[in-house]
Amino acid sequence: MATEVLKPTIIGSLACQKNSFVKNDFQTVVLRCEPTQKTTLYEVELQDTILFPEGGGQPGDTGFILPAGSVEEIIVSQVARKGLHAVHYVNKFIEPGSKVELQVNWTQRLDYMQQHTGQHLLSAILENEWQLDTLSWSMGGTPSDKKPNVEPSDLFNYVEIGRNLSDEEIIELSDLCNEYITTKAQAIEVDQQGSEDCDSEKGVMRTVRIGELDANPCCGTHLQSTSQIGSILISPFQNKVRGKNSKLYFMCGSRVLKYARFSHSITSRAKTLLSCTEAEVPQKIEFQRIASQKISKREQYWVKEFASSNLVSIIQAVELRKKGHLAVDEFGTLDVLAHIQKGLNLEIEKRQIQDYNIVLCGREKATNSGAILILSNSGTEIVSTASEISGLVQKLKGGGGKNGGKWQGKVIEYGELEWDLMVQFLSESF
Ligand SMILES: [Zn+2]
């Protein structure tokens, strides 16, 4: 059988590593297909593959396996490495020995190659011009189970370097990187050493050369020229880590365009909303923040004043008839009623009032919603008052105070005339 003589290609010599621009129509043979612990997932090993298994900071590819003579596309959800072997995870059993064709999710792969190759270029320039080694790097923008939705700011990758860069250095670094992408584009070549240079963990050793700029061992997939990186955006906002070290954030290729589109839409909307120029947006927001703080403080002051100015008449009514009420229209929110309730509780305690039944109701005209509070020493009074008001206001939900204290209700929406009828009822009965 053919499968008995075929040996799997090891990491370092995979077709995706030899030529990272083969996207589809790649023919190979299934050597092994075994079920995993998940019932719907199978582990497949192929004789060779154009789907890159994760490594060197680059995530694994996704793509399709197409069995020969079939129109069926079997989804490859993940490619990982097991020792020196690339393992494909698929949703369907494929008979070992089958001839298959492979297809890479090319948009995703090109994005990964742009970020990965961009990191090589960035690190080479940091080392050559600033003598700053790249201590670690991480690619952003890959959805995870924890965070399935990628936000624009997640598109940033980072390199960790030995110190923070100044704003001027960031500009100089950005200009240099973009020069090597445009007018001074460098060819990228991968030298693969003989199979005798095989590391037991990394596989066949490979050296990635960026023109005269850099030569580094790397197992990832790379672009053919720095021009294919397209563009690099480097953020001046760095994070300090491990003492003096700095995380320098950057993104490359089509991500820069995506991020520019998003930023443009945000700044355009902000400009219109704030009626100002782009440069004035942060200052305008700061003014608005200060102004809204002032307004909020002023509102709190007037709510307190309003509450205390209404306290006297309610308490007088309670001392005369054991009943009292207040209807607050226009801005009668729960917050306003709660302030009045707080003042009433203090007065009731101070004056040692034993029997009382008070209704505070409010309507916010803008939303036609509101709140109702019933305060009484008697649970029976609360239940009976709540039932009478519920008969007048249909969309009222509330509870509490069955043993005396407070009943709190929310009016989702006042029906036509319901407010007027309730106010009339309270004026006559309270
Ligand atoms: Zn690399």
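## Burial and overall dimensions

In this predicted model, 31% of the 430 residues of the protein chain count as buried. The chain carries 9 helices and 21 strands.

The radius of gyration is 35 Å, whereas a compact globule of 430 residues would have one near 22 Å. The C-alpha trace spans about 105 × 55 × 40 Å along its principal axes. Contacts reach far along the sequence. Among those with a separation of 6 or more, 64% join residues 24 or more positions apart.

## Domains

The domain assignment divides the protein chain into domain 1 (2–104), domain 2 (109–186 + 225–274) and domain 3 (290–429). Domain 2 is listed in two segments, 109–186 and 225–274. How far apart do the C-alpha centres of domain 2 and domain 3 lie? The distance between these centres is 57 Å.

## A five-stranded open sheet

One open sheet holds 5 strands in the order β17-β18-β19-β21-β20. Its pairing is mixed. At the edges sit β17 (323–328) and β20 (395–399), each paired on one side only. On average, neighbouring strands of this sheet are turned by 15° against each other, direction ignored.

Strand β20 meets β21 (residues 405–413) through 5 bridges. The two strands run antiparallel. One contributor is Gly399, whose bridge partner in β21 is Gln408.

## Helices on the sheet

Which strands does helix α8 touch? Helix α8 (residues 379–392) packs on the sheet and touches β18, β19 (369–376), β20 and β21. Its direction makes about 155° with that of β19.

Helix α6 covers residues 281–321. This helix lies across β17 and β18 (357–364). Relative to β17, helix α6 runs at about 150°. Strand β18 is thus touched by helix α8 and also lies under the crossing of helix α6.

## Asp167 and its surroundings

Asp167 is found in helix α4, which spans residues 167–181. Is Asp167 buried or exposed? Asp167 is exposed, because 8 other C-beta atoms lie within 10 Å, and the cut-off for exposure is 12 or fewer.

A residue distant in sequence comes into the picture here. Phe237 is 70 residues from Asp167 along the chain, yet their C-alpha atoms are separated by 9.0 Å. The two residues fall in the two listed segments of domain 2, Asp167 within 109–186 and Phe237 within 225–274.

How values were computed
Residues are numbered from 1 along each chain as its sequence is written. This is a predicted model: local features need pLDDT of at least 70, side-chain atom pairs count only at pLDDT 80 or more; totals for chains, interfaces and linings use all residues. Helices (H or I, at least four residues) and strands (E, at least two) are DSSP runs, numbered from the N terminus. The radius of gyration is taken over C-alpha atoms; the globule rule is 2.2 Å times the number of residues to the power 0.38. A residue is buried if 20 or more other C-beta atoms lie within 10 Å of its own, exposed if 12 or fewer, and partly exposed in between; C-beta atoms are placed from the backbone. Two residues are in contact if their C-beta atoms, placed from the backbone, lie within 7 Å. Two strands pair if DSSP finds at least two bridges between them. Axes are lines fitted to C-alpha atoms, for helices over the stretch in contact, and angles run from 0 to 180 degrees between N-to-C directions. Domain bounds come from an automatic or database domain assignment.
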